[in-house]
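Reader: Could you take me through one part of this model closely, and say what surrounds that part?

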Amino acid sequence: MVGYSSPFAGRYLRYVLSMLLFGLLGPVMLWPQGVWPVIVSFLLAVFCTVGYDALTRLFARVKSLKIVNEKPLLSVHATKVGSESKGFIVFTNRFVIFVPLWKRIKIVLHTEHIVRHEFEGERLEVTAKFRNKHRTFQFFVSSPERVKLLLEEKSGRSLPYKYDKHEKHPTV
């Protein structure tokens, strides 16, 4: 298994490899056969980079639209910490949804129930209030600035954690 320095490095690796193979090496190798194989190679390079991302983003938007019947405002690449499932965080007027690409949707949060949200670089931690407990979800988000602005607009200011005010005893 390949270890990445960023949770989105796999996507960037796909960009580089497809541009090298289909965008650069393919046309050089296929030029003697004619123009059409070169054009097909360029089209494959575009599909493997931009086309795949556009299709998965559209798939995530349609999937979230079917769940909550609200038009998506923002969809951002995300990876859920723990299960390492990749997908999108989709924001609507009243909901925050994590849409995994090839699995069922299990995380649908109403913005009124979001108690706190905290960013640490690309890492987003969202705490939501449920009937009997509070639950925390952690994600890596590709553009944290846009997510932070939309979260503050939709769910309000993040409340502090109840133990942040208490100081730990120095001898402990």
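Author: Helices (H or I, at least four residues) and strands (E, at least two) are DSSP runs, numbered from the N terminus. The part chosen here is helix 2, residues 35-68, which is followed by Asn-69; the phi of Asn-69 is positive, near 55°. This is a predicted model, in which local features need pLDDT of at least 70 and side-chain atom pairs count only at pLDDT 80 or more, while totals for chains, interfaces and linings use all residues. Residues are numbered from 1 along each chain as its sequence is written, and side-chain values use heavy atoms, with hydrogens and water left out.

Helix 2 has 34 residues and spans 47 Å from its first C-alpha to its last, close to the 50 Å expected, where the expected span is 1.5 Å times one less than the number of residues. Helix 2 also bends by about 40° at Phe-47, the bend being the angle between axes fitted to the seven residues ending there and the seven starting there.

Among the residues of helix 2 that are buried (under 20% relative accessible area, 1.4 Å probe, protein chains only) are Val-38, Ala-45, Gly-51, Thr-56, Ala-60 and Val-68. The cover over the buried residues of helix 2 includes helix 1 (9-30) together with strand 1, strand 2, strand 3 and strand 4, contact meaning heavy atoms within 4.5 Å.

Those strands belong to an open sheet of 7 strands in the order 4-3-2-1-7-6-5, with antiparallel pairing, and two strands pair if DSSP finds at least two bridges between them. Because strand 4 (107-110) and strand 5 (114-120) stand at the edges with a single partner strand each, one side of each has no neighbour in the sheet.

Terms used:
Buried means under 20% relative accessible area, exposed over 50%, partly exposed in between (1.4 Å probe, protein chains only).
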